[in-house]
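Me: I would like to learn how to read a fold from its coordinates. Can we take one structure, feature by feature?

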Amino acid sequence: MRFATYTANGESHFGAITDDGAIALNDAFPGRASLYEVIAAGEFDKLSGAAKGKPVTHTEFTYDMVMPDVRRILCVGVNFPDRNAEYKDGSAQPKYMSLFPRYASGFTGHDRPLIRPPENHTLDYEGEVAIIIGKGGRRISQDNAYDHIAALTLCNEGTIRDWVRHAKFNVTQGKNWDNSGAIGPWLVPFTDAAQLDDARIQTHVNGELRQDDTLNRMMFPIRREIEYISTFMTLQPGDIIVTGTPTGAGARFDPPKYLAPGDVVEVSVEGIGTLRNTVEDEQV
C-alpha cells in the first residue's frame, strides 16, 4: 500500500494510491488535516485499514510533496565512502556524520518541476532514501532503531551548489531554495529490515545513469543515524531523515553537469518506486 498527498480539482487530499487511482482518506480521519497529522498522532498503521474495500475517488490528480506540513527534516551529508573521496581534500572517513536542516518549502512533489532560480544556475541533484519516524524517542539504540520507522520515501535533495559555499560552517542557504528538491511520490510502510538493508538506489538524468549504489555501503548506516540524532534531540512521529546520497552528483563531473530546464531526473529504489521531476526556470 502507498500513501500520498495530492491535489484534485483544486483541493488537497491525502490517501492511498492504487494502480487505478487515488482513494481519498480525509473523511476517515476527522480532526487530521494531513498525512503528517495522521503520522504525528500515531495513526499511520490505520491508513491501510481505512483504505481497504474503498473505491477510487480520483483518477486525475497532481502529486504534492508527500508531507507538505512536516515540521522537521534532517539531512545526512557525505555518507558514502566515494562521496568523501569526491571532495579531494585528503580527509579520512569522518568520525561523526554531517547534518543539516531542510524545510518543506524547499521540496515539491512527484512529476512536478524542480525550480532553478535566476540568482544562480548551479542546481544539482542528489538521490536519497528518506525515512519517516513513526514512534518517537530519545537515545534510541541501534538495535531498536528500525522499530521507530513508520515509512520510506524518496528524495531528490536538490542543491544550489554555489550557495552552499557562501559561509564557512553551514550549507543551509544552498539547501533550501523554494521547490529546488522533491520528496515522494508516496510513503511505503516499513515492515521489513530488508527494505533498507538490501536497497539499491539509482539516479538517472535524461536516461543517463548518474548515481548507483547500495545502502549497505553507507559510512553511517540508518540505524546509526537514528541513534546519533536521537542522542541530542527527541525524535517525534512525522520527522523525516534524509539518509545520504551516493557519488555521482553533477558538481563532481569535470566540467560539472548541473541541471537545466527540460532535464528529467529520476530517483529509483525497488520496492519504494521512482521519484520523477523535470526542471524549469523560476518565473519572476
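Reply: Start with domains. Domain bounds come from an automatic or database domain assignment. Here the model is predicted, and the protein chain is divided into domain 1 (2-63) and domain 2 (73-281).

Me: How many Å separate the centres of domain 1 and domain 2?

Reply: The separation is 25 Å, taken over C-alpha atoms. The two parts also touch. Twelve residues of domain 1 are in contact with 14 residues of domain 2.

Me: What does the radius of gyration say about the overall form of the protein chain?

Reply: Compare the value with the globule rule. For 284 residues, a compact globule would have a radius of gyration near 19 Å, and the protein chain has 18 Å, so the two agree. A box along the principal axes adds detail: the C-alpha atoms fill roughly 55 × 45 × 30 Å.

Me: Which share of the residues is buried?

Reply: Buried means under 20% relative accessible area. In this chain, 51% of the 284 residues qualify as buried. Sequence separation is another thing to check. Of the contacts with a separation of 6 or more, 75% are between residues 24 or more positions apart.

Me: How do I read a nonpolar core? Which residues touch the most other members of the largest one?

Reply: A core is a set of buried nonpolar residues joined through side-chain atoms within 4.5 Å. The largest core has 49 residues, and Ile-131, Ile-149, Leu-196, Leu-215, Ile-222 and Ile-226 touch the most other members. Both domains feed this core, with at least three residues from each of domain 1 and domain 2. There is also a second, separate core of 32 residues; Ile-23, Val-38, Ala-151 and Val-242 are among its members.

Me: What does Ile-226 touch, not counting residues up to four places away in sequence?

Reply: Ile-226 touches Ile-131, Ile-140, Ala-145, Ile-149, Leu-235 and Ile-241 on that count. Ile-131 and Ile-149 also appear among the residues of the largest core that touch the most other members.

Me: On to secondary structure. How many helices and strands are there?

Reply: The protein chain has five helices and 18 strands. To read a sheet, follow the strand order. One open sheet of five strands runs S8-S18-S17-S14-S15, with mixed pairing.

Me: Which strands are at the edges of that sheet?

Reply: An edge strand pairs on one side only, and here the edges are S8 (114-116) and S15 (208-214). From one strand to the next, the twist averages 15°. Now look at a single pair. S14 (residues 200-205) and S15 are antiparallel, over six bridges. In one of the residue pairs, Ile-201 has Asp-213 in S15 as its bridge partner.

Me: Now single residues. Is Trp-186 buried or exposed?

Reply: Trp-186 has a relative accessible area of 11%, so it counts as buried. It is found in strand S13 (residues 181-189). Leaving aside neighbours within four places in sequence, Trp-186 is in contact with residues including Arg-2, Phe-3, Ile-17, Tyr-63, Leu-152 and Ile-272. For a distance check, take Asp-82. The C-alpha atoms of Trp-186 and Asp-82 are separated by 29 Å, and the two residues are 104 residues apart along the chain.

Me: And His-13: buried or exposed?

Reply: His-13 is buried, because its relative accessible area is 12%. Strand S2 (residues 11-18) holds His-13. Beyond four places in sequence, the contacts of His-13 are Ala-4, Thr-5, Tyr-6, Ala-8, Ala-24, Asn-26 and His-58.

Conventions. Residues numbered from 1 in each chain as written. Predicted model: local features only at pLDDT ≥ 70, side-chain atom pairs only at ≥ 80, totals over all residues. Heavy atoms only, no water. Buried < 20%, exposed > 50% of the residue type's maximum accessible area, 1.4 Å probe, protein only. Contact = heavy atoms within 4.5 Å. Pairing = 2+ DSSP bridges. Helix = DSSP H or I, 4+ residues; strand = E, 2+ residues; numbered from the N terminus. Axes fitted to C-alpha atoms, helices over the stretch in contact; angles between N-to-C directions. Rg over C-alpha atoms; globule rule 2.2 N^0.38 Å.
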